[in-house]
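I am opening my notebook on this entry. I want to look up the charged side chains, one group at a time.

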Amino acid sequence: LPELSFDMNFCALQTITSVRGVAIPALKLFPSSPPATFHVLRAVLLLLGREPAAIATWREASQQLHVGVFEELAAYDATQERNKDLWKKVRAAYKAVQKPKDLEKELPQCGLGALLLQWIKQVRVVSRRAAGVRDAEKAVESAEEMRAKKEQQLQEAKDAKVKADEAEAAAAAAAAAEEAAAAAGEGEEGGEGAAE
């Protein structure tokens, strides 16, 4: 799983961090919301754990954009367990961008909105793959547990068969001894009757 996250971080974050010096001042210059960029920025902030109410407006969302956010992007673990409710909110936020080309037009000097959208999509891909790997690992673990249980049952059956075979041999030996004793008892009775 770490290699999935590393590939994603290396590709997207290198580009995003290279434009942060231009992007932050450029976004702060907007007096009103650049709509497409706002939706993507909101999606990113939701994914980073911000409360939806704290980033409901452009002003609130843009105030969250600082160098620390880029560090959070770099540190984000895309392989962690998926929170489906959170991902629904994130997806709804970035799907509100009706024309992804608008992201490039809104901030042509850095293209931050388009880069953040790519980051979200890469996180989503890595997250799904990581979930698939976890599911496969759970299936393997379950199969190994089942195999161990079957081996234990097989061993118990073998042990029971050995005990049954031993009991059968003991019963056969007891029956043979009883027959021998009975035959010996008849032989003595027959010898006594002849002596009289």
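Is Arg-147 buried, partly exposed or exposed? I looked up its relative accessible area, and the value is 47%, so Arg-147 is partly exposed. I note at the start that this is a predicted model.

**Entry 1: the chain as a whole**

I went through the elements next. The chain has seven helices and zero strands. From the N terminus on, I read α-α-α-α-α-α-α. The chain has 196 residues, and buried residues make up 30% of them.

**Entry 2: the salt bridge inside one helix**

I went back to Arg-147. Its partner in a salt bridge is Glu-151, and the closest N and O atoms are 2.9 Å apart. Both residues lie in helix H7. They are four residues apart, which I jotted down as about one turn of the helix. I looked up the partner's cover as well. Glu-151 is partly exposed, because its relative accessibility is 45% and partly exposed covers the range between 20% and 50%.

**Entry 3: salt bridges between distant parts**

How many salt bridges does the structure hold? I found four. I wrote up two more of them here.

One joins Arg-50 to Glu-72, with 2.7 Å between the closest N and O atoms. This pair links distant parts of the chain, 22 residues apart. Arg-50 sits in the loop between helix H2 (35-47) and helix H3 (58-64). Glu-72 sits in helix H4, residues 67-75. I compared their cover with the cut-offs. Arg-50 has 16% relative accessibility, so it counts as buried. Glu-72 has 27%, so it is partly exposed.

Another salt bridge brings together the side chains of Arg-134 and Glu-81, at 3.0 Å from N to O. Here too the pair links distant parts of the chain, 53 residues apart. Arg-134 is in helix H7, which runs over residues 112-195. Glu-81 is in the loop between H4 and helix H5 (84-95). Which of the two labels, buried or exposed, fits Arg-134? At 13% relative accessibility, Arg-134 counts as buried. Glu-81 counts as exposed, because its value is 55% and exposed means over 50%.

**Entry 4: a buried Glu without a salt bridge**

I then looked up Glu-106. It is in helix H6, residues 101-106. Glu-106 is buried yet has no salt bridge. Which side chain of opposite charge is nearest to Glu-106, and how far away is it? I found Lys-105, 9.6 Å away. A salt bridge needs the nitrogen and oxygen within 4 Å.

So what does the side chain of Glu-106 reach? I found the backbone nitrogen of Ala-36 at 3.0 Å. I also found a polar contact of 2.5 Å between the side chains of Glu-106 and Thr-37.

I followed Ala-36 a little further. It is found in helix H2. Its relative accessible area is 5%, so Ala-36 is buried. I looked up one distance from Ala-36 to another part of the chain. Its C-alpha atom is separated by 5.1 Å from that of Val-97, although the two are 61 residues apart along the chain.

**Entry 5: two patches of charge**

I turned to the surface. Which residues gather in a patch of negative charge there? I listed Glu-137, Glu-141, Glu-144 and Glu-145. I picked one of them to look up. Glu-141 lies in helix H7. It is partly exposed, with a relative accessible area of 48%.

The surface also has a patch of positive charge. Arg-91, Lys-95, Lys-121 and Arg-128 gather there. Which helices each supply at least two residues of the positive patch? H5 and H7 do. I looked up Lys-95, which is in helix H5. Lys-95 is partly exposed, with a relative accessible area of 48%.

**Entry 6: one more Arg**

My last look-up was Arg-124, which lies in helix H7. Is Arg-124 buried or exposed? Its relative accessible area is 17%. Buried means under 20%, so the label follows: Arg-124 is buried. The C-alpha atoms of Arg-124 and Arg-91 are separated by 9.6 Å. Along the chain, these two residues are 33 residues apart.

Methods. Residues are numbered from 1 along each chain as its sequence is written. This is a predicted model: local features need pLDDT of at least 70, side-chain atom pairs count only at pLDDT 80 or more; totals for chains, interfaces and linings use all residues. Side-chain values use heavy atoms; hydrogens and water are left out. Buried means under 20% relative accessible area, exposed over 50%, partly exposed in between (1.4 Å probe, protein chains only). Patches are made of residues with over 30% relative accessible area and no salt bridge: like charges are joined within 9 Å, nonpolar side chains (Val, Leu, Ile, Met, Phe, Trp, Tyr) within 5 Å. Accessible areas come from the Shrake-Rupley method with a 1.4 Å probe; for residues, only the protein chains shown count as cover. Lys and Arg count as positive and Asp and Glu as negative; His and the chain ends are not counted. The place of a charge is taken as NZ of Lys, CZ of Arg, CG of Asp or CD of Glu. A polar contact is a pair of N or O atoms within 3.5 Å; within protein, one must be able to donate a hydrogen and the other to accept it, and residues adjacent in sequence count only if both atoms are side-chain atoms.
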